[in-house]
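Biologist: I have a model open and would like to go through the reasoning behind its labels. Could you take me through it?

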Amino acid sequence: MAILDILTYPDKFLTKKVRPVEKIDGALNKIIDDMIETMYEAPGIGLASIQIGCDKSIVVYDLSYGENENSLQVLLNPKITESCGEIVSENEGCLSVPDYRSDVKRAASVIVEALNREGKPLRIEAENFHATVLQHEIDHLNGILFIDRISKLKKGIYRRHLLKQLKQNET
Ligand code: NI
């Protein structure tokens, strides 16, 4: 297994939409294993394939940060099939958006359909924090970051702060 580099905003690859996984083979399983290791190492609660430069539809997440060995989930081709209600996820963050957090409006509950890594269909009913994680990760597969779901003003402040930092690092 290998720890992969995580792409960060404003990398253009993060705005790409993924293609569906069509074949579960050794190469795909290696990507999945590397994504899991990369997520735990970060540490993060979830990781989407697009964040490590792969445009196949894969999400890994673990709400326990690896504390509970049964809570790791691998989703291939996940889709939100139903969503309802509204919540504000507090202080949402992302491994691809370092040093920034914001409240984000999210659906309060979702139903997600996907395949597991053996190719068997999965149906997940999630609420609140779990629902937020799924929406955040599935957004990644559609080229959307959580900062695309906050106000233009807030995103502008973040962007200027980031550009300033990049300039400082240059000099
Ligand atoms: Ni993220």
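What follows is a short exchange on the metal site, the sheet, the helices and the cores.

Modeller: Happy to; keep in mind that this is a predicted model.

Biologist: What makes Cys94, His136 and His140 the protein donors of the nickel ion?

Modeller: Donors are N, O and S atoms within 2.8 Å of the metal. Cys94 (SG), His136 (NE2) and His140 (NE2) lie 2.1 to 2.3 Å from the nickel ion, so they qualify. Their spacing in sequence is C-x41-H-x3-H. Water is not among the atoms, so the site may look incomplete.

Biologist: Why are His136 and His140 separated by about one helical turn?

Modeller: Because they are four residues apart in helix 2 (residues 128-141).

Biologist: How do you know whether these two histidines, His136 and His140, are buried or exposed?

Modeller: Buried means under 20% relative accessible area. His136 has 7%, so it counts as buried. His140 has 1%, so His140 is buried too.

Biologist: Now the sheet. Why are strand 1 and strand 7 called edge strands?

Modeller: The sheet is open, with five antiparallel strands in the order 1-2-3-6-7. Strand 1 (46-48) and strand 7 (121-127) each pair on one side only. On average, neighbouring strands are turned by 40 degrees against each other, direction ignored.

Biologist: How do you know that strand 6 and strand 7 pair?

Modeller: Pairing needs at least two bridges, and strand 6 (residues 109-115) has seven with strand 7, in the antiparallel sense, so they pair. Across this pairing, Ile111 stands opposite Glu125 of strand 7.

Biologist: Which strands does helix 1 touch?

Modeller: Helix 1 (residues 26-41) packs on the sheet against strand 1, strand 2 (58-62) and strand 3 (72-84), and its direction makes about 35 degrees with that of strand 2. Helix 2 lies across strand 1, strand 2, strand 3, strand 6 and strand 7, at about 125 degrees to strand 7.

Biologist: Which residues have the most contacts inside the largest nonpolar core?

Modeller: They are Tyr61, Leu75, Val110 and Leu134, in a core of 20 residues. Strand 2, strand 6, strand 7 and helix 2 each give two or more residues to this core, and helix 2 has the largest share, five residues.

Biologist: What is Val110 in contact with, leaving aside its neighbours within four places in sequence?

Modeller: Its contacts include Ile80, Ile124, Ala131 and Leu134, and also Glu82, Glu125 and Gln135. Apart from this core lies another of 13 residues, among them Val21, Met35, Met39 and Leu76.

Key:
Residues are numbered from 1 along each chain as its sequence is written. This is a predicted model: local features need pLDDT of at least 70, side-chain atom pairs count only at pLDDT 80 or more; totals for chains, interfaces and linings use all residues. Side-chain values use heavy atoms; hydrogens and water are left out. Donors are N, O and S atoms within 2.8 Å of the metal (3.2 Å for Na, K and Ca); water is not among the atoms, so sites may look incomplete. Buried means under 20% relative accessible area, exposed over 50%, partly exposed in between (1.4 Å probe, protein chains only). Axes are lines fitted to C-alpha atoms, for helices over the stretch in contact, and angles run from 0 to 180 degrees between N-to-C directions. Contact means heavy atoms within 4.5 Å. A nonpolar core is a set of buried Ala, Val, Leu, Ile, Met, Phe, Trp, Tyr and Cys residues joined through side-chain atoms within 4.5 Å.
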